[in-house]
Amino acid sequence: MKEHKVRRIGFLIAFFIIIAAAVTLVAAYLYAGTAAGSVTERSAGEDYRRHYAFVCRDGQDHLYRAIYDAAREEAALNNDHLELIGDNLTTAYTKEERMEIAVDAGVDGIIVEADESTQMQELIDRADAEGIPVITVGRDNTASARRSFVGFGYYDLGQSFGRLILRNASDDPKDVLILMSADSEGSGQNIIFQGIRETLERLDGSQYFNLTTMTVPENTAFGAEEAISSMFRGSDGMPQIIVCLNEVYTTCVCQALVDYNRVGETIVYGFYENDTILSSIEKSIITATVTVNTEQMGRFCMEALEEYMSSGYVNEFFPADIEVISGENVGERLDAGTEEDAGA
Amino acid sequence: MRSAEKKTRKPVSVQSRLVLLVTLSSLAIIAVNILLFININRSMEGLNRAYATNLLIGELSGSLKEVESSMTDYLNTKSTEAIERYFDAEQEYRDRLAALSEAESDRESRVVLTDIVNLSESWLEVTSETIRAKRGRVVDRYNTTYERAERLYGYINDYIYSFNSEQFAYNSGNYVILSGSFRRLEYVTMFVMAAVAFVDVLVTLILTKNILDPVRQREIMMETHLKDAELKYLQAQVNPHFLFNTLNAGAQLAMLERADKTSVFIQNMAAFFRYKLKRGDSETTLADEIGLVDNYVYILNVRFSGEILFDKQIDESCTGIPVPGMILQPIVENAVNYGIRNVDHEKRIRLEVVREEDTVRVRVRDNGAGMSAERIEEVLTGNAGINPVMKDSNGVGLMNVMARMRLYYGVEDVLHITSPGEGQGTMVELILPAPREEEPEPAGDGADADGGKEKNAHV
């Protein structure tokens, strides 16, 4: 009888221990799985091989952002890190200041949206003197010690615009207005204009078009948008064709056409692509846009740096492809964009 | 023998079991909490490491300002104190830079830290150059380098500020997660406590049920009630030993003086008080109980001039059965006090002991005041409001008798009260289980052992 009792007590205690242990383990597992486990600790990431800098005037500019993103992906393939200088800083530094930061931070190489200014030339020369190779992208500084230039041919760009304009040739001569930036130095606008004019002449189309240019003032913030809006509001007759030489002007014109109910009155050729521009082409608000292959430019930048680092020599110029997006192929672009968004 | 038994019981004592149980449950709860706190500490350590970089950066920022201000001070005053401050600050800044270079961080943070370190080294070079130019009094030179140093100082400050802001935003995110995690921890802990407490109670219930089994519980309650009865009995009788001895002396004196009636009376009195003394434990026989009633009625008859007519009809085969002590006399006492005391007609009390199937019925009938059905119900349910210790009562009430009988026999149906109505007498019936036929029946002390024959007696 007593033995039976002892066994029963032993069984009860064992039952208690098992239940308590089970509850303990389940609770610990639940807590570790849901609560403590979700606190993300920054682990020591793997080391990178080289640290490169990307310097541009505005890190939020679609064109240069796209080039940076493509270059960064390319750099990651070689376990290199490409830093967009000034991107996370609270002060909005100028391009030159960013360039100075990159040089003083002692990076392994710099990709810079240059210009033909002396200050930029000095900075590039200083970097080169300190053993930092510099690749210019989009805009060049031909006088500097930069190792290579990755860009698109401004003349080629002009030719593309010229061929697009020529499609509208008729006996009745048409006014063509080319919106140019006030900051013409180094932006290749003159070469583009030359490309347009010479293309029209070469293809016997110059008599059908009256080319004029308008400089969009950018001396105040948001000045471009104000200037373009006032052009649409004005009582003067609108030109039959408008050519925009940068992304901001193109976007502003797209919006102004809708706001002032001028869709269909004017043929617009834009530059570069963003959601607004692509959507405007799809809805036939504007006719076409000439864009450059930013993915190719980003890749060329890193290839140029890599080539120079490994051999000490590199091609002086890497030309990127120029594409025309019109109503015929805008669908593919929009689909590609949607897939990218879904993938992200 | 008894000590040996105690020794074998000791390992499974109630105290040991409860201590074991409480210890186990406490250990379980402590184990749960330790596990949970280990997890929290791990999370907190992660955050602390992140904040450690912030701390280093903060210290670096302090040194940075000190280098800059001492350099500016030196350029302004060219004082020895300023140059000493500059060198101290520069050394301190370099030390902090070295510490920061070694700080563990993810890739993005490390890029920023590398920028800060490299920019700082460039800046220190420029400040040193500025100081050298100042010492050499090359004014143009140090003006130019000072401007550059100030620009670099601005960049570094901006980097530090941005890095701290980014880290703060990141850590704030983790703080929100941790805060939620602590909330969940509360729920988990409460769940564990509740679960362990539930099992704890369950096991305790099973264990204590094992310890206090019903038989033992019944024994304990029997003892309690008996003690209660004994206490009241003793309170009523003051000192039975003294009384008994004194009464014996009185009986002998009466005999010597040839006062026979007095002698018998005193002997009955002595027998009445002896009853309690003779009985060493709580159990007695029905015969003894009947003998006590005889003594009691004799005493009352002397007191009330023989006006109580008491007769008995006893099945002698039943008198040997064991019964709890002091169950019959209180019934007779009640019959006298509440039944016949105040009636004008002839006062009769009849005691019957009969066997009916497997029970023995002990009935006390009186021809007194009688009881209404409501009154009977009140008495049986204990709501009668009668003072259990009456002025001249032994003080052992009906409820006490019923309670002891129920505990002793383990059945509820032990006592009936019947009355045709007020003024028509009352019958109280005790129901005792009959002894089995094959069992030998011990003869009672105070009853005639005529075996099976009914006997009528009149006192």
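Here is a walk through some helices, strands and single residues of this structure, which is a predicted model.

Let us begin in chain A with helix 2, which covers residues 62-77. Its 16 residues should span 22 Å at 1.5 Å a residue, and the end C-alpha atoms are 23 Å apart, which agrees. Just ahead of the helix, Asp61(A) acts as a cap on the N-terminal end, with a side-chain oxygen 3.1 Å from the backbone nitrogen of Leu63(A). Leu63(A) is itself one of the buried residues of helix 2 of chain A, a set that also includes Tyr64(A), Ile67(A), Tyr68(A) and Ala71(A). It helps to recall a general point here: an α-helix has 3.6 residues a turn, so residues three or four places apart point the same way. Glu74(A), an acidic residue, is also among the buried residues of this helix. After the helix comes Asn79(A), with a positive phi near 60°.

Now turn to helix 8 of chain A, residues 247-259. It has 13 residues and reaches 18 Å from its first C-alpha to its last, close to the 18 Å expected at 1.5 Å a residue. At the start of this helix, a side-chain oxygen of Asn246(A) comes within 3.1 Å of the backbone nitrogen of Val248(A). Among the buried residues of helix 8 of chain A are Glu247(A), Tyr249(A), Cys252(A), Val253(A), Cys254(A) and Leu257(A). Following the helix is Asn261(A), whose phi is positive, near 55°.

Next, the strands. In chain A, six strands form an open sheet with mixed pairing, in the order 7-6-8-9-10-12. Its edges are strand 7 (209-216) and strand 12 (322-326) of chain A, each of which pairs on one side only. On average, neighbouring strands of this sheet are turned by 20° against each other, direction ignored. For a look inside the sheet, take strand 8 (residues 241-244) and strand 9 (residues 267-271) of chain A, which pair in the parallel sense over three bridges. Here Ile241(A) has Ile267(A) in strand 9 of chain A as its bridge partner.

Strand 5 of chain A, residues 148-151, offers another example of pairing. What do its residues do on either side? Ser148(A) and Val150(A) point one way, Phe149(A) and Gly151(A) point the other way, and all are buried. This fits a general pattern: in a regular strand the side chains alternate between the two faces of the sheet. Strand 5 of chain A runs parallel to strand 4 (residues 134-137) of chain A, to which three bridges join it. In that pairing, Ser148(A) is the bridge partner of Ile135(A). Strand 5 of chain A also pairs in the parallel sense with strand 11 (residues 317-319) of chain A, again over three bridges. There, Gly151(A) stands opposite Pro319(A).

Some single residues of chain A are worth a stop too. Glu113(A) sits in the loop between strand 3 (109-112) and helix 4 (118-129) of chain A. Is Glu113(A) buried or exposed? Its relative accessibility is 4%, so it counts as buried. A polar atom of the Glu113(A) side chain lies 2.7 Å from the backbone nitrogen of Arg57(A). Asp104(A), in helix 3 (residues 95-104) of chain A, also counts as buried, because its relative accessibility is 3%. Asp104(A) and Glu130(A) are 26 residues apart in sequence, and their C-alpha atoms are 9.6 Å apart in space.

Ser284(A) has a positive phi of about 60°, although it is not a glycine. This residue is found in the loop between helix 9 (275-282) and strand 10 (288-292) of chain A. With 56% relative accessibility, Ser284(A) counts as exposed.

Finally, let us visit chain B. The axes of helix 3 (residues 80-102) and helix 4 (residues 107-135) of chain B come within 11 Å and cross at roughly 165°. An angle over 145 degrees counts as roughly antiparallel, and these two helices of chain B are therefore roughly antiparallel to each other. Their crossing is left-handed. In the loop between helix 4 and helix 5 (139-211) of chain B lies Arg137(B). Arg137(B) has a positive phi near 60°, in a residue other than glycine. With a relative accessible area of 62%, Arg137(B) is exposed.

Technical notes. Residues numbered from 1 in each chain as written. Chains lettered and ligands numbered in written order. Predicted model: local features only at pLDDT ≥ 70, side-chain atom pairs only at ≥ 80, totals over all residues. Heavy atoms only, no water. Helix = DSSP H or I, 4+ residues; strand = E, 2+ residues; numbered from the N terminus. Expected span 1.5 Å × (residues − 1). Buried < 20%, exposed > 50% of the residue type's maximum accessible area, 1.4 Å probe, protein only. Polar contact = N/O pair within 3.5 Å; in protein donor to acceptor, adjacent residues only side chain to side chain. Pairing = 2+ DSSP bridges. Axes fitted to C-alpha atoms, helices over the stretch in contact; angles between N-to-C directions. Parallel < 35°, antiparallel > 145°, perpendicular 65-115°, else oblique. Left-handed = near helix turned anticlockwise from the far one by under 90°.
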